[in-house]
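Welcome, and please open your viewer. This short tour goes stop by stop, telling you what to select and what is there.

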Amino acid sequence: RNLDSLETMLVLVDDIALPLGRIRLRGGGGAGGHNGLKSIIERCGAGEFHRLRLGIGEERRAGELADYVLAKFHPDEFPVVNAMIERAVEAVLCWIAEGLPAAMDRFNRDAARGVREE
């Protein structure tokens, strides 16, 4: 791999559009309103880096979005969050060893079939 390429970078990012516990890999794109991604895109000059989106859901959001995404998880959510983290680690290791297409096939396919990472 060319280490100067943005495609050698994997960014892990929280995502309110995904249900809590769901993960999804992408090959690139825009910021989609996410300030962290917007900052990375501005600094890199492009959005062609890989992303692993970690679902934090939006079910319990009340008030400002920033307050929601920075809030602690509820204790009853910990098992789902811990399982999501374990699955994200597996996805990162797969991405490193086999590349994005293989990781997307393995980890996005389960999400598309409605399998929840619990």
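Helices and strands here are runs assigned by DSSP, with at least four residues for a helix and at least two for a strand, and they are numbered from the N terminus. With that in hand, you can place I85 in helix α3. Please keep in mind throughout that this is a predicted model.

**Stop 1: the whole chain**

Show the protein chain as a cartoon. You should find four helices and three strands, and reading from the N terminus their order is β-β-α-β-α-α-α. Of the 118 residues in the chain, 36% are buried. The chain exposes about 7,200 Å², and carbon and sulfur atoms supply 53% of that area. Among contacts between residues at least 6 apart in sequence, 69% join residues at least 24 apart.

**Stop 2: color by confidence**

Now color by pLDDT. The average for the protein chain is 83, and 85% of the residues score at least 70. Which element has the highest mean pLDDT, and which has the lowest? Helix α3 (residues 78–98) has the highest, at 96, while helix α2 (residues 65–70) has the lowest, at 74. Next, select residues 112–118, where pLDDT stays under 50. The model has 16 contacts for this stretch beyond four places in sequence. Where pLDDT is low, the predicted coordinates should not be read in detail.

**Stop 3: the nonpolar cores**

Select I23, L25, L52, L54, A91 and F107. These belong to the largest nonpolar core, which has 16 residues, and they are the ones that touch the most other members. The elements giving two or more residues to this core are β2 (23–26), β3 (50–55), α3 and α4 (100–112). Which of them gives the most? The answer is α3, with seven residues. Then move to a second, separate core of five residues, including V11, V13, I41 and F49. As background, nonpolar side chains tend to be buried together in soluble globular proteins.

**Stop 4: a tryptophan in α3**

Pick W95, which is found in helix α3. Is W95 buried or exposed? W95 counts as buried because its relative accessibility is 6%, and the cut-off for buried is under 20%. Add L25 to the selection: W95 and L25 are 70 residues apart in sequence, yet their C-alpha atoms are 9.3 Å apart in space.

**Stop 5: a nonpolar patch on the surface**

Switch on the surface and select I85, V89, L93 and I96. Together they form a nonpolar patch on the surface with about 380 Å² of accessible area. I96 also has its place in helix α3. With a relative accessible area of 53%, I96 is exposed, while I85 is partly exposed at 46%. For a link to another part of the chain, show R22 too: the C-alpha atoms of I85 and R22 are separated by 9.9 Å, although these residues are 63 apart along the chain.

**Stop 6: two salt bridges**

Side chains of opposite charge can pair when their charged atoms come close. Here the count comes to two salt bridges. Begin with R53 and D15, whose side chains meet at 2.4 Å, N to O. R53 lies in strand β3 and D15 in strand β1 (residues 10–15), so this pair ties together parts that are 38 residues apart in sequence. Both R53 and D15 are buried.

Now show E90 and R106, which form a salt bridge with their closest N and O atoms 3.8 Å apart. E90 lies in helix α3 and R106 in helix α4, so the pair ties together parts 16 residues apart in sequence. E90 counts as partly exposed at 36% relative accessibility, and R106 counts as partly exposed at 37%.

**Stop 7: a cysteine in α1**

Finish by selecting C44, found in helix α1 (residues 35–44). C44 counts as partly exposed, with 34% relative accessibility. What does C44 touch, not counting residues up to four places away in sequence? Show L6 and M9, and you have the contacts of C44. The C-alpha atoms of C44 and L6 are separated by 8.0 Å, and the two residues are 38 apart along the chain.

Definitions and conventions: Residues are numbered from 1 along each chain as its sequence is written. This is a predicted model: local features need pLDDT of at least 70, side-chain atom pairs count only at pLDDT 80 or more; totals for chains, interfaces and linings use all residues. Side-chain values use heavy atoms; hydrogens and water are left out. pLDDT is the predictor's confidence in each residue, from 0 to 100. Contact means heavy atoms within 4.5 Å. Patches are made of residues with over 30% relative accessible area and no salt bridge: like charges are joined within 9 Å, nonpolar side chains (Val, Leu, Ile, Met, Phe, Trp, Tyr) within 5 Å. Accessible areas come from the Shrake-Rupley method with a 1.4 Å probe; for residues, only the protein chains shown count as cover. A salt bridge is a side-chain nitrogen of Lys or Arg within 4 Å of a carboxyl oxygen of Asp or Glu. Buried means under 20% relative accessible area, exposed over 50%, partly exposed in between (1.4 Å probe, protein chains only). A nonpolar core is a set of buried Ala, Val, Leu, Ile, Met, Phe, Trp, Tyr and Cys residues joined through side-chain atoms within 4.5 Å.
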